[in-house]
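Student: I would like to go through this model strand by strand and then look at its loops and its ligand. Where should we start?

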Amino acid sequence: MSESSNRPPISLSPGQWSFTRWKTIGQLEALEVHHPLFQATIVLQGAHLARFAPQDEADWLWMSPTARYEPGRAIRGGVPVCWPWFGDPGKNPPEVRKRIHTETAHGFARTALWKLEDVRESAHEVEISLSLDANEDFSDVWAGHALALLTFSFSVRGCQLALTTTNLGNDPLAFSQALHTYFPTSDISRTRVLGLGGSHYIDTLDNWEYRTQEGPVYFEGETDRIYESGEPLTIVTPKTSRKLSAVGSDSTVVWNPGPEKAARLSDFPDTAWQSMLCVETANAAGDYRVLNKGQSHTLGVSIGRKA
Ligand SMILES: O=P(O)(O)OC[C@H]1O[C@@H](O)[C@H](O)[C@@H](O)[C@@H]1O
């Protein structure tokens, strides 16, 4: 992808936007939205939502205070896009794994430079779309040709992400993915996720054994689970309640690194596990998807207030 293709096309010159402007954060280009009703920041690398907050509210997303904005480096916090595979390549189903020629987790989209497609603004909403053409440029790590189009919609009610994958290759394309959302909490020990009771999950910390969730998910140390559910969820923290509803997803990843893993994680303060959790809208494990030539699939999440 050439440098120039990532610059705003003439038709999208900054002068035509009222609420959106370019900004450099660290070494990366970003779009910053300052709407009277809300604020948001999207980094072009990774199509990474780094911030979303309705006016006069704290950030709805958690961002690591030690996150680094550097080319080729994943940003710790916000909403990383894991695509076209989720997690450790070796733990993916054979159909997904056979296309991957690297040991890097979570795919290449989160460190690739995406292209701005569209900015639409109104008195109530801002919608921004970015695309990534995963073509032969990525052939050293992955075999396939697919287009990822990610559309963000921001309003005072919350934010929505819709990630559409289209298979541009000739053969069926198997892939896994996740919108790896980091949420803040003032106290992880008083935080719970509702809506997963009765669901089966893979406990990746216990030999990938299958378990059944009883009641809400509480956090008592390191937690890393793939739930076989795409049902609506509520995240309750001491100060906030968020509603999540997914489309095109039958799996949800719930993750908190706990103290030992936190100490090993990049760009993550040792004690930060106490103030964040990830609830990831996914197509992971057995919920991977297969697209025939020309077919598309949309994975989406809507993050809102509890009604
Ligand atoms: O450090 P990374 O690559 O951003 O991954 C963070 C975490 O992402 C989660 O989705 C995985 O379930 C965890 O196993 C992993 O540790």
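Tutor: The model is a predicted one. We can start from one residue pair in a sheet: D203 stands opposite E209 in β14.

Student: In which sense do β13 and β14 pair, and over how many bridges?
Tutor: The pair D203 and E209, the latter in β14, face each other. β13 covers residues 200-203 and β14 covers 209-212. Their pairing is antiparallel, and the number of bridges is four.

Student: Which strands stand at the edges of the open sheet of seven strands?
Tutor: The order in this sheet is β5-β11-β20-β19-β16-β13-β14, with antiparallel pairing. Two of these strands have a single partner strand each, so one side of each is left without a neighbour in the sheet. The edge strands are β5 and β14.

Student: Is W208 buried or exposed?
Tutor: W208 is found in the loop between β13 and β14. Its phi is positive, about 55 degrees, although W208 is not a glycine. A residue with 12 or fewer other C-beta atoms within 10 Å counts as exposed. W208 has 11, so the class is exposed.

Student: How does D267 count, given its C-beta neighbours inside 10 Å?
Tutor: D267 is found in the loop between α2 (258-264) and β20 (276-283). D267 is a residue other than glycine with a positive phi, near 55 degrees. Buried needs 20 or more other C-beta atoms within 10 Å, and exposed 12 or fewer. D267 has 16 such neighbours and therefore counts as partly exposed.

Student: Which two residues does a cis peptide bond join?
Tutor: One partner, P84, lies in the loop between β5 (81-82) and α1 (94-97). Omega of the bond is about 0 degrees. The residues joined are W83 and P84.

Student: Which residue in β22 does K243 stand opposite?
Tutor: β22 (residues 296-305) runs antiparallel to β9 (residues 158-167), to which nine bridges join it. In β22, S302 has Q160 opposite. β18 (residues 241-247) is also antiparallel to β22, with six bridges. Opposite K243 in β22 stands G304.

Student: Is H35 buried or exposed, and which residues does it touch?
Tutor: H35 is found in strand β2 (residues 28-35). It is buried because 21 other C-beta atoms lie within 10 Å. F19 is 16 residues away along the chain, yet the C-alpha atoms of H35 and F19 are separated by 5.2 Å. Leaving aside residues up to four places away in sequence, H35 touches F19 and V126.

Student: How do the residues of the shell around the ligand divide?
Tutor: The residues around the ligand are A74, G87, A105, H106, H180, D224, V253, W255, L265 and E280. Glycine is counted among the polar residues. The division is five nonpolar, three polar and two charged.

Student: What is the radius of gyration of the protein chain, and what does the globule rule give?
Tutor: The protein chain has two helices and 22 strands. For 307 residues the globule rule gives 19 Å, and the radius of gyration is close to that, so the chain is as compact as a globular protein of that length. Along the principal axes, the C-alpha trace spans about 55 × 50 × 35 Å. The radius of gyration is 18 Å, against 19 Å from the rule.

Student: Of the contacts between residues at least 6 apart in sequence, what percentage join residues at least 24 apart?
Tutor: Buried residues make up 40% of the 307 residues in the protein chain. H35 and its contact F19 are 16 residues apart along the chain. For separations of at least 24, the percentage is 64%.

Technical notes. Residues are numbered from 1 along each chain as its sequence is written. This is a predicted model: local features need pLDDT of at least 70, side-chain atom pairs count only at pLDDT 80 or more; totals for chains, interfaces and linings use all residues. Two residues are in contact if their C-beta atoms, placed from the backbone, lie within 7 Å. The radius of gyration is taken over C-alpha atoms; the globule rule is 2.2 Å times the number of residues to the power 0.38. Two strands pair if DSSP finds at least two bridges between them. A residue is near a molecule or strand if its C-beta atom, placed from the backbone, lies within 6 Å of it.
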